[in-house]
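Visitor: I have a model open and would like to walk through it with you. Could we start with the chains and then move inward?

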Number of protein chains: 2
Amino acid sequence: MSRVQAAIDHAENSCKSRGVKLTNKRRQVLSGLLQSNKAKSAYELADYCKDKFGQKLPAMSVYRILEFLEEERLVHKLNLANKYIACSHITCDHDHGISQFLICANCQTVKEITVKKSTMNTLKRSVEGAGFDLVSPQMELNCLCHDCKNQAA
Amino acid sequence: MSRVQAAIDHAENSCKSRGVKLTNKRRQVLSGLLQSNKAKSAYELADYCKDKFGQKLPAMSVYRILEFLEEERLVHKLNLANKYIACSHITCDHDHGISQFLICANCQTVKEITVKKSTMNTLKRSVEGAGFDLVSPQMELNCLCHDCKNQAA
DNA sequence: GTTGCTGATGATACACCATATCATTTTTTC
DNA sequence: GAAAAAATGATATGGTGTATCATCAGCAAC
């Protein structure tokens, strides 16, 4: 079974156990995100669904679907790029730590990493010392992946 | 002399020594950013200039001016919020470290802090271990300032 | 001083991301 | 199978940003 199919099956079960429905359209959008490791915009996903499944999908619906998938913790929104990616831990059963996103500014490839708790705690203390609270310890870091870096060189 | 005026004078000298011109419009946009500590969008700055100086300023010009001010290291662009702020170190003569931005998700107040070098190095190593390079070690952190947090409570 | 160059600004059009609103369809539930 | 709820469609609009071409201001050289 493909990695994508495995993730979708997992998502299906997760939704069922939470009493919500992974409808056909929602599955299509999720698969669009799963089949690559690049971040995609809502409009790109609408195009993907039209091309791949032959069904026109209005942008409005894609946004609603992405919102649903976010609530179910199946996708993440990357505010830095205004794009979306599948959560890389869909198939994990265990609770996972806080994700940090490395976004390649050139090719949009995204890698989800976990930063050591102690580093995040240090950061948190700096922030609180300045009179602010982190809304979410999820950071988005503007990067270049090594492929793009080597190409540029 | 007001804090704003001091910063503008400093910017003026800095531009002169770099052989570029801080024109009237550029000064107006910069003053729009300096007179508050909130992040502002290009369009908000255009409105500000129109209201305050009675001169219509097309968005296109504001973007060009912001680009100029960024190159002169007088302002920062916050990609997370699609807004801009004046650099909080305009009036410093010394070179300063890498800035991290705390952005209040509610009121757009921005605080520019410096994180310890060792913390940033740890982060950098994590990123490089994942096959990416930081384009810029400038992070933008989605926060709530304590004022907004207390209001919400 | 006027010719021509350069840098700065204006005007217009357009692309992309996102949401508001109301209509329609599909699915549940009884 | 009718009423209620959930999901999706259609349309309009707003915010951010860029591409492109035109115009204007300052300045150098003759």
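Visitor: How many residues of chain A are in contact with chain B?
Guide: This is a predicted model. In it, 33 residues of chain A are in contact with 33 residues of chain B.

Visitor: And how much area do chain A and chain B bury between them?
Guide: They bury about 2800 Å², and 71% of that lies on carbon and sulfur atoms. On the chain A side, A:Phe132, A:Asp133 and A:Val135 lose the most area to chain B, together 21% of what that side buries.

Visitor: How many salt bridges are there between chain A and chain B?
Guide: The count is two. In a salt bridge, the side chain of A:Asp133 meets that of B:Lys149, at 2.8 Å from N to O.

Visitor: Moving inward, which residues touch the most other members of the largest nonpolar core?
Guide: That core has 30 residues, and the ones touching the most other members are Leu102, Met139 and Leu141 of chain A together with B:Leu102, B:Met139 and B:Leu141. In each of chains A and B, strand S3 (99–104), helix H5 (117–129), strand S5 (132–134) and strand S6 (140–145) each supply at least two residues of this core. Apart from it lies another core, of 27 residues, including B:Leu30, B:Tyr48, B:Ile65 and B:Tyr84.

Visitor: Back to A:Met139: what is it in contact with, leaving aside neighbours within four places in sequence?
Guide: Within chain A, its contacts are A:Ser99, A:Gln100, A:Phe101, A:Met120 and A:Leu123. From chain B, A:Met139 is in contact with B:Leu123, B:Met139 and B:Leu141.

Visitor: Now the sheet. In what order do the four strands come?
Guide: The order is S4(A)-S3(A)-S6(A)-S5(B), in an open sheet with mixed pairing. S4 (110–114) of chain A and S5 of chain B are the edge strands, each pairing on one side only. On average, neighbouring strands are turned by 45° against each other, direction ignored.

Visitor: How do S3(A) and S4(A) run, parallel or antiparallel?
Guide: They run antiparallel and are joined by five bridges. A:Phe101, for instance, has A:Glu112 in S4(A) as its bridge partner.

Visitor: What does H5(B) lie across?
Guide: H5(B) lies across S3, S4 and S6 of chain A and S5 of chain B, and runs at about 150° to S5(B).

Visitor: A last topic: why does B:Ser41 count as buried?
Guide: B:Ser41 is buried because its relative accessible area is 16%, and the cut-off is under 20%. B:Ser41 lies in the loop between helix H2 (24–34) and helix H3 (42–53) of chain B. Not counting residues up to four places away in sequence, B:Ser41 touches B:Asn82 and B:Lys83.

Terms used
Residues are numbered from 1 along each chain as its sequence is written. Chains are lettered from A and ligands numbered from 1 in the order in which they are written. This is a predicted model: local features need pLDDT of at least 70, side-chain atom pairs count only at pLDDT 80 or more; totals for chains, interfaces and linings use all residues. Side-chain values use heavy atoms; hydrogens and water are left out. A nonpolar core is a set of buried Ala, Val, Leu, Ile, Met, Phe, Trp, Tyr and Cys residues joined through side-chain atoms within 4.5 Å. Buried means under 20% relative accessible area, exposed over 50%, partly exposed in between (1.4 Å probe, protein chains only). Contact means heavy atoms within 4.5 Å. Two strands pair if DSSP finds at least two bridges between them. Axes are lines fitted to C-alpha atoms, for helices over the stretch in contact, and angles run from 0 to 180 degrees between N-to-C directions. Buried area is the accessible area (1.4 Å probe) that two parts lose on being put together, summed over both. A salt bridge is a side-chain nitrogen of Lys or Arg within 4 Å of a carboxyl oxygen of Asp or Glu.
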